[in-house]
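Reader: I should like to examine how the ligand is held in this model. Please begin with the term on which the discussion of contacts will rest.

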Amino acid sequence: MATLQALLFDVDGTLADTEKDGHRVAFNLAFEKAGLDWHWDEALYGELLAVTGGKERIRFYLEKFNTDFEKPGDFDDFVKGLHASKTDFYTKLLAEGAIPLRPGVERLINEARESGMRMAVVTTTTPANVTALLESTLGPDSESWFEVIAAGDIVPAKKPAPDIYDWALEQMNLKPEEAIAFEDSSNGIQSSTGANVKTIITINDYTKEDDFSDAHLVLDHMGESDQSFSVIAGENHGHDYLDLELVKKVHAN
Ligand code: XBP
Ligand code: MG
C-alpha cells in the first residue's frame, strides 16, 4: 500500500458553497450588464451544473434551455466576453467576503500544512476564481500553500474527464495511489476516480442526490471538533470530524 503524500482539493462545492451564491449570481450580473434578459434561478442552475466550466455552461444553456436566442456571428468571442465579465463579478463578490469556507476545510488544510503533507487544487473553475477564494478566506499568501493549481482551461477536457487529475499528478510526480481527492459532485468523482485517485465526498444541496458509489467516504461536511459530520456512506473509523488521521485511514483501506 502506497503512503499518502498529497491531498487534492476540488474547489467549488468542496472548499466552499460557491455555486448558488457566487457563480450563479455572477453569471446573472454579467447577463444583465450585457443587456441580456437571461436569468438563471437556483433550480435552473442546478440543471446547468450538469456541465462544468462557465463558458461550456453558457453554451449548454443556449443549446438546451434558450434555443430561440439568435447567436451573434462572432459567437466564440461573445461567450468569452460574457464569461470574462462573469469572472470579474465573481472575483469581486469573493473579495467582498461573500462566501465562507465549508466546515472543517480550514482546519484540515492547516493540519496538512503543519504536518508537511503536500497539497494541490484540482478544479474546472477559472484560475482567478481560485486565487480570489483562497485569498479572501485563508489569507493573501495561501495560494502558495498549494504546490499545483490545476484549473480552468489547462486541459481541454474538463471534469468529468480525468485529464485535470492526470495533469496535477504528473506535475507533482505522484502516482494516483499516493494521493487522495476531496470532491462534492458526480462530475468531480468521475474525474478523480477516472484518474484512479481515492476520493472523499462532502455533499451539498446541489449534489446530495448524485451517485457516489465509487467514493471511499461520503459525508455531509468535514466537521469540526464541536460540529460532528454525518456519515452518508463508508467507514468513519470512530472519528466524528475529518482530520488527517481519518484521511490516512480512509486512504489505507
Ligand atoms: C465547478 C464548475 C465551474 C464553475 C464555474 O468546478 O463547474 O464550472 O461553476 O467556473 P469545480 P468558471 O467543482 O471543479 O471547482 O466560470 O470559472 O468556468
Ligand atoms: Mg465541485
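Author: A polar contact is a pair of N or O atoms within 3.5 Å. The model discussed here is predicted.

Reader: At what distance from an oxygen atom of ligand 1 is an N or O atom in the side chain of Lys86?

Author: A pair of N or O atoms counts as a polar contact within 3.5 Å. The side chain of Lys86 supplies such an N or O atom, and its partner is an oxygen atom of ligand 1, at a distance of 2.6 Å.

Reader: Which residue has a side-chain N or O atom 2.4 Å from an oxygen atom of ligand 1?

Author: A polar side-chain atom of Asp12 lies 3.0 Å from an oxygen atom of ligand 1, so Asp12 meets the limit of 3.5 Å for a polar contact but is not the residue sought. The distance of 2.4 Å belongs to the side chain of Thr123.

Reader: How much of the accessible area of ligand 1 does the protein cover?

Author: On its own, ligand 1 has 460 Å² of accessible area. The space that ligand 1 takes is the largest pocket. Of that accessible area, the protein covers 96%.

Reader: Which elements give two or more residues to the shell around ligand 1?

Author: The shell draws at least three residues from each of domain 1 (6-17 + 100-252) and domain 2 (19-95). At the level of elements, those that give two or more residues are α1 (18-33), α3 (54-64) and α4 (75-95).

Reader: How many residues of the shell around ligand 1 are charged?

Author: There are 18 residues around ligand 1, and among those that come nearest are Gly54 and Thr126. By class, two residues of the shell are nonpolar and ten are polar, while the charged residues number six.

Reader: Turning to the backbone, which peptide bond is cis?

Author: Pro160 lies in the loop between β3 (148-150) and α7 (163-172). The cis bond, with omega near 15°, is the one from Lys159 to Pro160.

How values were computed
Residues are numbered from 1 along each chain as its sequence is written. Chains are lettered from A and ligands numbered from 1 in the order in which they are written. This is a predicted model: local features need pLDDT of at least 70, side-chain atom pairs count only at pLDDT 80 or more; totals for chains, interfaces and linings use all residues. Side-chain values use heavy atoms; hydrogens and water are left out. A residue is near a molecule or strand if one of its heavy atoms lies within 4 Å of it. A polar contact is a pair of N or O atoms within 3.5 Å; within protein, one must be able to donate a hydrogen and the other to accept it, and residues adjacent in sequence count only if both atoms are side-chain atoms. Accessible areas come from the Shrake-Rupley method with a 1.4 Å probe; for residues, only the protein chains shown count as cover. On a 1 Å grid over the protein atoms alone, a cavity is a set of points where a 1.4 Å probe fits but cannot get out, and a pocket is an open set with protein on both sides within 12 Å along at least five of seven lines; lining residues have an atom within 4 Å of a point. A molecule sits in a cavity or pocket if more than half of its atoms lie within 2 Å of its grid points. Helices (H or I, at least four residues) and strands (E, at least two) are DSSP runs, numbered from the N terminus. Ala, Val, Leu, Ile, Met, Phe, Trp, Tyr, Cys and Pro count as nonpolar, Asp, Glu, Lys and Arg as charged, and the others, Gly among them, as polar. Domain bounds come from an automatic or database domain assignment.
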